[in-house]
Amino acid sequence: MGGVNAAGRTSGHQAFRRTVIDALPEAEQEALLLGLAALMGLGSHREGAWFDAAGERIEASRLVERCRGQVLDHTLVRRIEDPRFNDEGLPANRRASLELGAELVFRIRRRQLPERLPPTWQVRELDRHTLEVTVPPGELDVMLPETRPAQVRAAGQLPSGFDPSRYYRSVHHPRGLSMSIFAASDCLAGSGLSWESLRDRLDPDEVAVYAGNSIGQLDDEGWGGLLKSFVSGNRATSKQMPLGYGQMPADFLNAYVLGSVGGTGAALGACASFLYNLRLGVEDIRNGQRRAVMVGTSDAPVTPEIIEGFRAMGALADDESLKALDALELLTDADYQRACRPFARNCGFTIAESSQFILLLDDALALEFGAEILGSVPGVFVNADGWKRSISAPGIGNYITLGKAAALARDMLGERALRERTFLHAHGTSTPKNRVTESHVFDLVARAHDIEAWPVVAVKAYVGHSQGSAAGDQLTNALGSFAYGLLPGIPTLDAVADDVYAERLRFSREPMAFAADAAFINAKGFGGNNATGVVLSPDVTERLLEKRHGEAAIEAWRERRAATRDATRAYLIDADRGAYQARYRFGEGVLEGPELDVNADAIRIPGYARPVSLKVDNPFGKLDD
């Protein structure tokens, strides 16, 4: 796994550890804070020593002491740090009609004058570059520039000071795509595996990438800049249109990170997008079509326009709603840090940015390569809501997805394991509707399986709602729970709301020790996009693997895994010191067709160890010649 969100880097469970920091031993806390300080540019490590942001040599413990407050206050959900959302104000224009009582005369540069002018305007040339324009008395329609106070000021932002585009040759890439490059690189390096060795072992068509996001790239470098180019007076660029597409994270991985010619695509399903893509990968492997699949999403929606769109829907926790919720006159930084309150009295979700990627391998390939197995995904279930009053209204699909997921876990692990050793990673958006409807889903499924105290994790309380990447945040956090035996609490849960169906659910404000066999990753998305994934712990996965492949195969895998762990450990040491291995190979190994060796049964590709087999499955029968 690899990526980055408001809690930090995904590999090495850095982001997970940020959500349970208070439950970690002192030495582990110090290591975490050092890694985050390096990520945020508050410290650096070189020549065997730590240095502060000013370049002065400093002891590690002293750097932690100095940076602790900065790290804790500038990770997770917090006040939006873009100055436009605060004193500077959001740039805007206001339509106005001016009543001119006399002639208006102004000078303007030739290239700034509109091509089509009102017939009553008079233009006189002053020199090659300057014109004088006379507008007669009367009504004149104009757009007056202004700044508007932001009505939403809380978001889950990447840690302050961290810019993923700094680590590779990014040229006007939208933020979501820069995050994709960093996240996929973090995933590969953190795996401890050589991608080239893995790729050479496989038919190129046995690899796939399923990655995208929920709403495309809508910042100025993508479709956001393109769509407002005319009204903003800016020119559209040749990159804005192609780089805005929702499947572009997959395209970037194929073209610049993996060099893959295998399966590709993106399934967009609002807040369930990560699980939709995960389902594609899982089904491909189960069906034998692919053996290695990179799955992920990357969303960067902390922009004025996207935030305004969700605010206009009444979906976000805006400033006025937060004040009313706590009867406050003013909101402080501490209030913004508590903006997201799953299953408590709440008023809307908190938008966030995140990029999460996981590498799926079939079990035989994982054993052969000595992969570090963080867990396994036996199934992902997707169902729509059916008839609805409105497209944003709750529906019934999530009862089906969680019901199927629970039934699969029961069949694989047994009834007792389902009741006592599983937990729920809730969608937990922090809206009043979600707290009722999702808890009711949980309650009914718990009753169906006689579960009395089902633990509920709601990681959005820490990192916010990253739209299509939300389930990626949940999945990678669940893998951290398996590794550390801890479930993050819900720190903003002062009290469970009265309308939550909580009788059979177990909520906690503090991190909770819990030995889990499986987690349910739940997504209850806008428009009726429901999905639930089952994730099994490494221990359970190893037991299943031994049952399938035998004890000798597992022992051989453990021996091979030692080298993988060494490679992972080396990367994590570097990464925790701020030295990341961004993998971006622009223009390398480019092929356009004439270089291929094509015959009836296979295509050989220069640079790829094995050919692409053209033998295809034909279940349809055969006609005689």
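This is a chat about the fold, cores, salt bridges and one surface patch of a predicted model.

Trainee: How many helices and strands does the protein chain have?

Mentor: There are 21 helices and 27 strands in the protein chain. Keep in mind that this is a predicted model.

Trainee: Is the chain as compact as a globular protein of that length, and why?

Mentor: The radius of gyration is 27 Å, and the globule rule gives 25 Å for 625 residues. Those values are close, so the chain is as compact as a globular protein of that length. Along its principal axes, the C-alpha trace spans about 95 × 70 × 65 Å.

Trainee: What share of the residues counts as buried?

Mentor: Of the 625 residues, 52% count as buried. The chain exposes about 28,900 Å². Carbon and sulfur atoms supply 49% of that area.

Trainee: And the contacts, what share joins residues at least 24 apart?

Mentor: Take contacts between residues at least 6 apart in sequence. Of these, 75% join residues at least 24 apart.

Trainee: Next topic. Which residues have the most contacts inside the largest nonpolar core?

Mentor: Met-294 and Leu-361 do, in a core of 36 residues. Several elements give two or more residues to this core, including helix H4 (175–191), strand E15 (292–299), strand E16 (354–361) and helix H21 (551–575). Helix H9 supplies the largest share, seven residues. In general, nonpolar side chains tend to be buried together in soluble globular proteins.

Trainee: What does Leu-361 touch?

Mentor: Leave out residues up to four places away in sequence. Then Leu-361 touches Leu-193, Leu-198, Ile-285, Arg-291, Ala-292, Ala-366 and Ala-371. There is also a second, separate core of 33 residues. Among them are Leu-275, Ala-478, Leu-479 and Ile-521.

Trainee: Switching to charges. How many salt bridges does the structure hold?

Mentor: It holds 45 salt bridges. Side chains of opposite charge can pair when their charged atoms come close. Try Arg-175 and Glu-353, whose closest N and O atoms are 2.8 Å apart.

Trainee: Which parts does that pair tie together?

Mentor: Arg-175 lies in helix H4, while Glu-353 lies in the loop between helix H13 (333–337) and E16, so the pair ties together parts 178 residues apart in sequence.

Trainee: Is Glu-353 buried or exposed?

Mentor: Glu-353 is buried, because its relative accessible area is 6%. Arg-175 has 28%, so it counts as partly exposed.

Trainee: What about Asp-363, which residue does it bridge to?

Mentor: Asp-363 forms a salt bridge with Arg-548, with the closest N and O atoms 2.6 Å apart. This pair links distant parts of the chain: Asp-363 is in helix H14, Arg-548 is in helix H20 (residues 538–549), and they are 185 residues apart. Arg-548 is exposed at 62% relative accessible area, whereas Asp-363 is partly exposed at 23%.

Trainee: And where do Glu-308 and Arg-311 lie?

Mentor: Both lie in helix H11, three residues apart, about one turn of the helix. Their closest N and O atoms are 2.8 Å apart in a salt bridge.

Trainee: Which residues are linked in a network of salt bridges?

Mentor: Asp-326, Arg-338, Arg-341, Asp-494 and Arg-509 are linked that way.

Trainee: Last one. Which residues make the nonpolar surface patch?

Mentor: Met-313, Ile-391 and Phe-526 make a patch of about 300 Å². Met-313 sits in the loop between helix H11 (304–312) and helix H12 (319–326). Its relative accessibility is 46%, so Met-313 counts as partly exposed.

Notes. Residues are numbered from 1 along each chain as its sequence is written. This is a predicted model: local features need pLDDT of at least 70, side-chain atom pairs count only at pLDDT 80 or more; totals for chains, interfaces and linings use all residues. Side-chain values use heavy atoms; hydrogens and water are left out. Patches are made of residues with over 30% relative accessible area and no salt bridge: like charges are joined within 9 Å, nonpolar side chains (Val, Leu, Ile, Met, Phe, Trp, Tyr) within 5 Å. Accessible areas come from the Shrake-Rupley method with a 1.4 Å probe; for residues, only the protein chains shown count as cover. A salt bridge is a side-chain nitrogen of Lys or Arg within 4 Å of a carboxyl oxygen of Asp or Glu. Helices (H or I, at least four residues) and strands (E, at least two) are DSSP runs, numbered from the N terminus. Buried means under 20% relative accessible area, exposed over 50%, partly exposed in between (1.4 Å probe, protein chains only). The radius of gyration is taken over C-alpha atoms; the globule rule is 2.2 Å times the number of residues to the power 0.38. Contact means heavy atoms within 4.5 Å. A nonpolar core is a set of buried Ala, Val, Leu, Ile, Met, Phe, Trp, Tyr and Cys residues joined through side-chain atoms within 4.5 Å.
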